[in-house]
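Please examine the chain and its fold before reading on. The exchange is intended for a reader new to this structure.

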Amino acid sequence: MSNGHAELSGRRVVITGAGRGLGRVLAMSFDAAGAQLGLVARSKDALDDVAATMQGDPLVCAGDVRDDEFNSDVARQMVERFGGVDVWICNAGVSPQVSAVTDTDVAVWRDIIDVNLTGAFLGAKAAATVMGAGGRIVVTGSVVGRRPKDGLAAYAASKSGAHALVEALAQELGPQGITVNAVALGWFDTGMGRHWHRDDERENFIVEHTALGRWGRPEDLPGIYLFLASDASAYVTGSTITVDGGYSLL
């Protein structure tokens with residue numbers, strides 16, 4: 001969208017998982033678009049590092065997205081600081097761990113489900129309590145949630161659940177004028193995908209099974225989130241939009 005930056009000027013946006021990787025890329029893009037930001041991650045040092053590079057003066061909230069009270073506190077602080085919340089991006093996630101189901105420790109399973117799925121639910125819950133008509137909730141999903149691979153059962157389940165959560169929330173929050181959508185990301189050469197990119201066999205497999213013949217780059221990411229946060233997406237809800245360079249096709 002050509003005038004996306006102007007449309008987002010002054011929009012109040014929460015981004016979870018903003019301290020590193022793709023979350024950091026999103027934070028910088030929304031800052032450049034003139035949004036008033038609430039940055040969320042576990043590490044305050046990482047958030048302070050991101051905030052120090054920004055044009056605006058973001059709210060920094062360090063804590064655990066799996067904590068219901070923490071999410072509610074983020075919403076409360078946004079209301080106190082900026083007067084409300086217009087957009088909540090549930091982006092915090094745990095990196096996929098490759099292991100057979102028989103070798104997957106239950107603690108690993110629970111951690112992935114809790115961060116990727118429960119964290120998204122609690123963020124959306126907190127957002128819905130303070131949002132009015134025109135509010136936007138965006139959940140970071142994954143192509144693995146649509147096209148699972150062996151060894152990624154926990155991660156696939158968490159992201160598939162997130163996609164279903166989006167559809168349920170869209171129906172429930174639609175009458176309030178709040179839209180809820182997901183972005184199913186493919187393989188990006190940053191953040192959680194970086195350790196996969198360093199493995200030649202996995203890297204080649206992904207490139208060969210992606211229509212554009214390459215991994216995603218940081219600059220490929222923000223556009224869809226900026227669109228879903230803007231007035232241009234007012235009639236889009238309950239959708240999972242794939243950004244994967246055609247990985248799902250092959």
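The questions and answers below concern one helix, its surroundings and two loop residues.

This is a predicted model, in which local features need pLDDT of at least 70, side-chain atom pairs count only at pLDDT 80 or more, and totals for chains, interfaces and linings use all residues. Residues are numbered from 1 along each chain as its sequence is written, and side-chain values use heavy atoms, with hydrogens and water left out.

Q: What distance does α4 reach from its first C-alpha to its last?
A: Helices are DSSP runs of H or I with at least four residues, and strands are runs of E with at least two, numbered from the N terminus. Helix α4 has 15 residues. The expected span is 1.5 Å times one less than the number of residues. The reach of α4 is close to the expected 21 Å, namely 21 Å.

Q: Why are the buried residues of α4 on the same side?
A: Buried means under 20% relative accessible area, exposed over 50%, and partly exposed in between, with a 1.4 Å probe and protein chains only. The buried residues of α4 are Phe-70, Asn-71, Val-74, Ala-75, Met-78 and Phe-82. They lie on the same side of α4 because, judged by directions from the helix axis to the C-beta atoms, they cover an arc of only 145°.

Q: Which residues are exposed on the other side of α4?
A: The buried residues of α4 are covered by elements that include β1 (12-16), β2 (36-41), β3 (59-62), β4 (87-90) and α5. On the other side of α4, the exposed residues are Glu-69 and Glu-80.

Q: At roughly what angle do the axes of α4 and α5 cross?
A: Axes are lines fitted to C-alpha atoms, for helices over the stretch in contact, and angles run from 0 to 180 degrees between N-to-C directions. The axes of α4 (residues 68-82) and α5 (residues 106-130) come within 9 Å. Their crossing angle is roughly 35°.

Q: Is Ser-233 buried or exposed?
A: Ser-233 is found in the loop between α9 (222-228) and β7 (240-243). Beyond four places away in sequence, Ser-233 touches Arg-136, Phe-227 and Leu-228, contact meaning heavy atoms within 4.5 Å. With a relative accessible area of 1%, Ser-233 is buried.

Q: Does Arg-42 count as buried or exposed?
A: Arg-42 is found in the loop between β2 and α3 (44-51). Leaving aside neighbours within four places in sequence, the contacts of Arg-42 include Asp-64 and Asp-111. Because its relative accessibility is 54%, Arg-42 counts as exposed.
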